[in-house]
Amino acid sequence: MTAFETRETTPDAEEDELLAAGLARHLRERGLIWGAPVLAYASLDSTSDRLKTLARSGAPEWTAVVARAQTRGRGRQGRAWISPPGNLHVSVLLRPAVGVAAALVPLAVGVAVAETLREWGVDARLKWPNDALAGERKIAGVLVEGATGGQGLEHLVVGVGINLDWEPQSAPELAAIATSVHAVAGRAPEVAPAAAALLGHLPAWYQALVRDPRGVVVAWRERSVPWWGELVQVEAGARTLRGRLRDVGDDGALLLEADDGSLLTLLSGEVARLRPSPA
Ligand code: BTN
């Protein structure tokens, strides 16, 4: 079944339909048969919030929600995600079978995002766990949210935001830390072909994870920021840690060498590079 759906009640129904039609065409052109519903919206509060509701009512795996803009986009660590029209906002539902290394999904998705950006001439590097950076500026982010039940993990909602046509100068407070495909490559794809590109890479890297989890860690490391051995700070919940970036384990955890030489294993957190202060 390939279903392209739009919501009848939206005030932007016509724009929703256009986006859905464009997306269907671009998926077809890529030879992709999407075997689950894809919902397309001109604007939505959050694609991940919408997908969570669908997931709870039994939506099948690989149901996808795409929006040109979000009014309440969410990022990692409870931050807001700026989501103006023309950027890419996609959420996809996964229902990992028992035995799939779900902890590595954020890394696999990061690799899929880097591969998508490469199609548009952007050599993005991944900062653990899955921020995509162009130079030192963030160009895309991934938010993976899980829901558990009596049987363990029930589903994952994978949300991806890519800055496509966004003008860094439009938000001076972000210009030093964020960028866009347009700013880096001189042009950016429209939302429909961009979404089709991402939807092409995501299943490929998820399948890679199912087949060979270690291969995904290797692929992630090959695309990572070249900060290995450097001093970083990690905000991990209420703790702020400092140490040298050593590696990413086969389980996707970050290995940080503390000042006393001990090795810390981190499962989540926000990494920032610490530069030696000039003499
Ligand atoms: C991050 O903080 O780096 C993660 C950003 C994730 C943003 C995406 S946009 C699509 C999906 N919907 C949301 O509300 N958030 C994610």
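This section describes the pockets, cavities, nonpolar cores and selected backbone features of a predicted model.

The largest pocket has a volume of about 760 Å³. Its lining comprises 40 residues, and those nearest the centre are Arg79, Trp81, Asp131, Lys138 and Ile177. At least two lining residues are supplied by each of helix 2 (47–56), strand 4 (88–94), strand 6 (131–134), strand 7 (137–149), strand 8 (152–162) and strand 13 (270–273). Strand 7 provides the largest share, with five residues. By residue class, the lining of the largest pocket contains 17 nonpolar, twelve polar and eleven charged residues.

The second largest pocket holds about 420 Å³ of space. It is lined by 21 residues, of which Ala103, Pro106, Pro129, Leu267 and Ser268 lie closest to its centre. Helix 3 (105–119), strand 7 and strand 8 each contribute at least two residues to this lining. Here too strand 7 gives the largest share, in this case four residues. The lining of the second largest pocket consists of 13 nonpolar, six polar and two charged residues. Pro129, one of the residues closest to the centre of this pocket, is located in the loop between strand 5 and strand 6. The peptide bond that joins Trp128 and Pro129 is cis, with omega about 0°. Most peptide bonds are trans.

Two cavities of 30 Å³ or more are present in the structure. The largest cavity encloses about 60 Å³ of space. Its lining is made up of Trp62, Val92, Leu94, Val105, Ala108, Val109, Val158, Leu202, Trp205 and Tyr206. Strand 4, helix 3 and helix 6 each supply at least two of these residues. The lining of the largest cavity has ten nonpolar residues, with no polar and no charged ones. The second largest cavity has a volume of about 40 Å³. It is lined by Leu126, Lys127, Trp128, Trp220, Ser224, Val225, Trp227, Trp228, Leu245, Leu254 and Val271, a set that divides into nine nonpolar residues, one polar and one charged. Trp128 thus belongs to the lining of the second largest cavity and is also the partner of Pro129 in the cis peptide bond.

In soluble globular proteins, nonpolar side chains tend to be buried together. In this model the largest nonpolar core contains 72 residues, and the members that touch the most others are Leu88, Val113, Leu117, Ile162 and Leu199. Helix 6 supplies the largest share of this core, 13 residues. With neighbours within four places in sequence left aside, Leu199 is in contact with Leu23, Leu27, Leu32, Trp34, Ala64, Val90 and Val92. Another core, of eleven residues, lies apart from the largest one and includes Tyr41, Leu44, Leu54 and Val65.

Two helices were examined for the placement of their buried residues. In helix 2, Thr47, Ser48, Leu51, Leu54 and Ala55 are buried. These residues span an arc of only 120° around the axis and therefore lie on the same side of helix 2. Their cover includes strand 2, strand 3 (64–70), strand 4, strand 7 and strand 8. Leu54 is also among the members of the core of eleven residues. In helix 7 (residues 213–222), the buried residues are Val216, Val217, Ala219 and Trp220. Viewed down the axis of helix 7, they fall within an arc of 160°, so they line one face of the helix. Helix 3, strand 5 (125–127), helix 6 (191–211) and strand 10 (239–248) are among the elements that cover them. Trp220 also contributes to the lining of the second largest cavity.

Several loop residues complete the description. Most residues other than glycine have a negative phi. Trp62, in the loop between helix 2 and strand 3, has a positive phi near 75°. Trp62 is classed as buried because its relative accessibility is 16%, and it takes part in the lining of the largest cavity. Gln77 lies in the loop between strand 3 and strand 4, and its phi is also positive, at about 55°. With a relative accessibility of 44%, Gln77 counts as partly exposed. Ile33, in the loop between helix 1 (13–29) and strand 2 (37–44), counts as exposed at 73% relative accessibility. Ile33 and Gly200 are separated by 167 residues in sequence and by 9.7 Å in space, C-alpha to C-alpha.

Methods: Residues numbered from 1 in each chain as written. Predicted model: local features only at pLDDT ≥ 70, side-chain atom pairs only at ≥ 80, totals over all residues. Heavy atoms only, no water. 1 Å grid on protein atoms, 1.4 Å probe; cavity = no way out; pocket = protein on both sides within 12 Å on 5 of 7 lines; lining within 4 Å. Points joined across faces, edges and corners; volume = space filled by probe spheres on them. Nonpolar A, V, L, I, M, F, W, Y, C, P; charged D, E, K, R; others polar. Buried < 20%, exposed > 50% of the residue type's maximum accessible area, 1.4 Å probe, protein only. Arc of directions from axis to C-beta. Contact = heavy atoms within 4.5 Å. Core = buried A, V, L, I, M, F, W, Y, C linked by side-chain atoms within 4.5 Å.
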